[in-house]
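Visitor: I'd like a close look at one part of this protein, namely the charged side chains and who they pair up with. Could you walk me through that part and what surrounds it?

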Amino acid sequence: MEFETQYTTEQEAFRKEVREWLDINGKMPAELGPLSGSEREMTRAQWEWKKEFRRKLGHKGWLFATMPKEHGGGGLNVDQDLVIKEELGKYVELQMRQTAVAGLYVWGTAEQKERLLKPLLLGDIDFWNVWTEPDSGVDLASVKTTATRDGDDYVVNGIKCYISGDFDPDYMWMLAVTDPDAPRHANLGHFFMPGNLPGITMQFQDLINRGSQHFVFFDNVRVPKEYLVGGETQGWQVAQTALELEHGAAGSIVGRENVSQNLLKAYQSGSVHAMATGDTAREHVVNILIRSKVNTLLSQRNFWMFRSHQPQSYHGAQATWYSRENRIRMADDLLDLFGPHTLIDDKDLGQLGGRLEAAQRGACMGTHGAGSYEIDKVIIARRVGMSRTKEVAAPTH
Ligand SMILES: Cc1cc2nc3c(=O)[nH]c(=O)nc-3n(C[C@H](O)[C@H](O)[C@H](O)COP(=O)(O)OP(=O)(O)OC[C@H]3O[C@@H](n4cnc5c(N)ncnc54)[C@H](O)[C@@H]3O)c2cc1C
């Protein structure tokens, strides 16, 4: 069976257009310095450049290319979006949070789509996912943050943690208890609220991945009711739509193959200190290449299914689970292949500019972001009918 993507003449013509545009707009100016592999070390100037690039891409219709034009998307088809993502991957790594996009698209009013979804799709604004709390992780429905109605506002109080994002969030996609007396799953409201409202403070959260996670504190924050998405106690349904995206429904085009191809090149060129040699080394390299390819194919399948509106079931969780499993196994293979050098973040003794060491730290953290690794399995079991609880995917279009 042929696994390589075949392109049409139209796609190749479109690729030329995308490349030409990216050559002009997609290269970070040299004076801003090289982008660090660690999100945390990105400078504010680099972040501002990325923001502006996101805006240009959005106004070109290429940020959320397959979303309808009337809402600020590109109105393009999946074949074109595939080309955009492939080319974009060669230039800039952009965080493409999709959760609030789907949430606003499915649950927002016509007025909210104009006021909130449109600027999001045009790249004028971005947001953070503000869900997890110190006592509410995978069991997200147990959040304790409250949003109490007071006149035309909700007054929000609580603490969120592990919240990913760089510098200042324009908006927050946030879940809170709106009716403390209502039963579980019928007591929550979902908000897409400005990130700079008085009473919001943030504190950096230092994790082993050296990523960009935060605590977010809400102290009597007044959120106008226009920022509630869905009904006052429909927050759980809204969250479920968003969580489909968080659990991999949208897929991606560029998987971990880039990493494995770079690794292969480095290994072949002898520019890295390998501990394993001969058949043992070959086995580790081949393992990495095979699993990376499977990972990419699962992500690409979801990319196509999502953008061509195919019904999805276990697909998102399957791809996410595999991706995380692959990261752990890849970290083990790297350790066996390169030995202690894999564990050193040192410009002389470390390998591939510290990327191997980062892969060790990132692999264990990767099992926890966006729910957790075990929860992917729970979702798959429920959706293929192997669990006491049965469920179907929430709407995303
Ligand atoms: C790098 C990173 C980035 C993150 N970014 C964000 C973000 O931007 N926004 C946000 O809101 N959150 C974010 N998170 C938080 C993330 O969603 C939570 O870590 C995750 O939901 C797990 O919650 P927890 O860490 O509290 O673990 P817990 O919920 O305490 O779970 C602990 C362990 O028990 C297991 N477990 C719990 N219940 C079950 C069950 N029913 N069946 C089987 N196993 C179970 C879990 O799988 C896990 O291994 C991020 C986390 C990380 C690590």
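Guide: Here is a walk through the charged pairs, with a few stops at the loops and the domains along the way.

Keep in mind that this is a predicted model. For a map, the domain assignment cuts the protein chain into domain 1 (9-96), domain 2 (127-234) and domain 3 (247-383). The count of salt bridges comes to 32, and we'll visit a handful of them.

Let's start with R44 and E48, which form a salt bridge with their closest N and O atoms 3.8 Å apart. Both sit in helix α2 (residues 44-60), and because they are four residues apart there, about one helical turn separates them. As for solvent, R44 is partly exposed with a relative accessible area of 36%, and E48 is also listed as partly exposed, at 39%.

Next up is K90, whose side chain meets that of E87 in a salt bridge, 3.0 Å from N to O. Here the two partners sit in contrasting surroundings: K90 counts as exposed at 54% relative accessibility, while E87 is buried, with a relative accessible area of 0%. With the cut-off for buried at under 20%, that 0% puts E87 in the buried class. This pair doesn't stand alone, either. K90 and E87 belong to a network of salt bridges that also links E12, R15, R19 and E86.

One member of that network, R19, leads us to Y91, since R19 is among the residues that Y91 contacts. Y91 is found in the loop between α3 (78-88) and α4 (99-107). Leaving aside neighbours within four places in sequence, its contacts are R19, L22, D23, G26 and K27. With D23 there is something more specific, a polar contact of 2.7 Å between the two side chains. Y91 is partly exposed, with 25% relative accessibility. For a sense of distance, the C-alpha atoms of Y91 and F127 are separated by 22 Å, and these two residues are 36 apart along the chain.

Now for a pair that reaches further along the sequence. The side chains of R97 and D126 meet in a salt bridge, with 3.9 Å from N to O. R97 lies in the loop between α3 and α4, and D126 is in the loop between α5 (110-121) and β1 (127-130), so this salt bridge ties together parts that are 29 residues apart in sequence. Both ends count as buried: R97 has a relative accessibility of 13%, and D126 comes in at 18%. Each value falls in the buried class because the cut-off is under 20%.

From there, let's move to where domain 1 meets domain 3. The C-alpha centres of these two domains lie 23 Å apart. Six residues from domain 1 and five residues from domain 3 take part in the contact. Between them, the two domains bury about 560 Å², and 77% of that is on carbon and sulfur atoms. Even so, charge has a place here too. One salt bridge is counted between domain 1 and domain 3. There is a salt bridge between D81 and R307, whose closest N and O atoms are 2.7 Å apart. Across this same interface, one residue pair is found in polar contact, with both residues at pLDDT 80 or more. On the side of domain 1 that touches domain 3, the residues divide into two nonpolar, one polar and three charged.

Before we finish, two spots in the backbone deserve a look. Most residues other than glycine have a negative phi. Against that background, F167 has a positive phi, near 50 degrees. F167 sits in the loop between β3 (153-164) and β4 (171-177) and counts as partly exposed at 28% relative accessibility. A370 also has a positive phi, near 55 degrees. A370 is in a loop as well, the one between α10 (355-366) and α11 (373-383), and with 26% relative accessibility A370 is partly exposed.

So, if you're turning the model on screen, you could go first to the K90 and E87 pair with its exposed lysine and buried glutamate. Then follow the loop that holds Y91, and carry on to R97 and its salt bridge with D126.

Key:
Residues numbered from 1 in each chain as written. Predicted model: local features only at pLDDT ≥ 70, side-chain atom pairs only at ≥ 80, totals over all residues. Heavy atoms only, no water. Helix = DSSP H or I, 4+ residues; strand = E, 2+ residues; numbered from the N terminus. Buried < 20%, exposed > 50% of the residue type's maximum accessible area, 1.4 Å probe, protein only. Contact = heavy atoms within 4.5 Å. Polar contact = N/O pair within 3.5 Å; in protein donor to acceptor, adjacent residues only side chain to side chain. Salt bridge = Lys/Arg side-chain N within 4 Å of Asp/Glu carboxyl O. Domains from an automatic or database assignment. Buried area = accessible area lost by both parts, 1.4 Å probe. Nonpolar A, V, L, I, M, F, W, Y, C, P; charged D, E, K, R; others polar.
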